[in-house]
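Student: Hi! I've just opened this one and don't know my way around yet. Could you walk me through it?

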Amino acid sequence: MTTESRSHQVTTREIATANGVSIRTAQRWCQQGKLSAVKMAGRWVVTVPVDLTGYSLLQMDKASELIEQGGLVATTRPGVWTAVSSDGTTTYLVMAGTCTCPAGQRGRDCYHRAAVAIVSAARRAA
Ligand SMILES: [Zn+2]
C-alpha cells in the first residue's frame with residue numbers, strides 16, 4: 001500500500017540527528033515555534049514539508065528508524081549520504097535520485113532515499 005503524502009511527521013530525535021544538534025536544542029526549536037510542531041502526549045511531533053508520495057507506510061517507518069538510530073550519515077559531498085543496511089553489515093551510497101542498495105539498483109523507491117528526503121526537509125525546516 002502506498003500513500004499520498006506531501007508532509008511527514010518526525011520526532012525531535014530525527015530533527016536533532018538531521019541538524020547535528022542535541023535533542024534539547026530540537027525541543028527548544030519546537031517551543032520557540034521555529035518548527036511546525038505540536039505537543040502530543042508530552043512529546044513533540046514535528047511536521048516537515050517533504051513529498052513522500054509513492055512510499056509505503058512501512059518504508060516511512062523504516063526511514064524514520066534509520067534516521068533515529070543514526071544510520072544515515074552525511075558524506076563530504078553535498079547531497080550524498082551513506083546508509084547502513086538493516087542487518088548492519090553493509091553501507092549504501094544514497095543520493096536524492098539513486099541508491100546503491102539492491103532495491104535501488106533495480107530502480108525502486110527504497111526507504112534509504114525516503115530517509116534522505118526526510119533529513120533534507122528536516123534541515124530546511126529548522
Ligand atoms: Zn536504498
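Student: Let's start with α1: how many of its eight residues are buried?

Tutor: Six of the eight are buried, so α1 is largely enclosed by the rest of the structure. Bear in mind that this is a predicted model.

Student: Which residues of α1 are the buried ones?

Tutor: They are T12, E14, I15, A16, T17 and A18.

Student: And what do the buried residues of α1 pack against?

Tutor: They pack against two strands, β1 (8-10) and β3 (43-48), and against the helices α2 (23-31), α3 and α5.

Student: Okay, helices then. How do people describe a pair of them?

Tutor: Two packed helices are described by the angle between their axes and by the distance between those axes.

Student: Let's try that. At what angle do α1 and α2 pack?

Tutor: The angle is about 110°, and the axes of α1 and α2 are 8 Å apart. Angles of 65 to 115 degrees count as roughly perpendicular, and α1 and α2 are therefore roughly perpendicular to each other.

Student: Is that crossing of α1 and α2 left-handed or right-handed?

Tutor: The crossing of α1 and α2 is right-handed. On the α1 side the contact is made by T12, R13, I15 and A16, and on the α2 side by I23, T25, A26, Q27 and C30. By type, the residues of this contact of α1 with α2 divide into five nonpolar, three polar and one charged.

Student: I23 caught my eye. What does I23 touch, leaving aside its neighbours within four places in sequence?

Tutor: With those neighbours left aside, I23 is in contact with T12, R13 and A16. Take R13: I23 and R13 are 10 residues apart along the chain, and their C-alpha atoms are separated by 5.6 Å.

Student: How covered is I23 itself?

Tutor: I23 has 15 other C-beta atoms within 10 Å, so it is partly exposed. A buried residue would need 20 or more.

Student: Next pair. How do α1 and α3 cross?

Tutor: The axes of α1 (residues 12-19) and α3 (residues 57-68) come within 8 Å and cross at roughly 60°. α1 and α3 are therefore oblique to each other. Their crossing is left-handed.

Student: Which residues meet where α1 and α3 come together?

Tutor: From α1 there are R13, E14, T17 and A18, which meet S64, I67 and E68 in α3. The residues of this contact of α1 with α3 divide into two nonpolar, two polar and three charged.

Student: What about α1 and α5, at what angle do they pack?

Tutor: α1 and α5 pack at an angle of about 85°, with their axes 9 Å apart. That makes α1 roughly perpendicular to α5. The contact is made by E14, I15, A18 and N19 of α1 together with V119, A122 and R123 of α5. Sorted by type, the residues of the contact of α1 with α5 are four nonpolar, one polar and two charged.

Student: How long should α5 be, and what is the distance between its end C-alpha atoms?

Tutor: α5 covers residues 111-125, and at 1.5 Å a residue its 15 residues should span 21 Å. The end C-alpha atoms of α5 are 20 Å apart, which agrees.

Student: How many residues of α5 are buried?

Tutor: α5 is mostly covered, with 12 of its 15 residues buried. Among them are Y111, H112, R113, V116 and I118.

Student: Pick one for me. What makes Y111 count as buried?

Tutor: Y111 has 26 C-beta neighbours inside 10 Å, so it counts as buried. Not counting residues up to four places away in sequence, Y111 touches Q59, K62, A63 and L66.

Student: Changing topic: what does phi look like for most residues?

Tutor: Most residues other than glycine have a negative phi. A41 has a positive one, near 50°, and is not a glycine. After α1 comes G20, whose phi is also positive, near 65°.

Student: Where does A41 lie, and is it buried or exposed?

Tutor: A41 lies in the loop between β2 (37-40) and β3. With 5 C-beta neighbours inside 10 Å, A41 counts as exposed.

Key:
Residues numbered from 1 in each chain as written. Predicted model: local features only at pLDDT ≥ 70, side-chain atom pairs only at ≥ 80, totals over all residues. Helix = DSSP H or I, 4+ residues; strand = E, 2+ residues; numbered from the N terminus. Expected span 1.5 Å × (residues − 1). Axes fitted to C-alpha atoms, helices over the stretch in contact; angles between N-to-C directions. Parallel < 35°, antiparallel > 145°, perpendicular 65-115°, else oblique. Left-handed = near helix turned anticlockwise from the far one by under 90°. Contact = placed C-beta atoms within 7 Å. Nonpolar A, V, L, I, M, F, W, Y, C, P; charged D, E, K, R; others polar.
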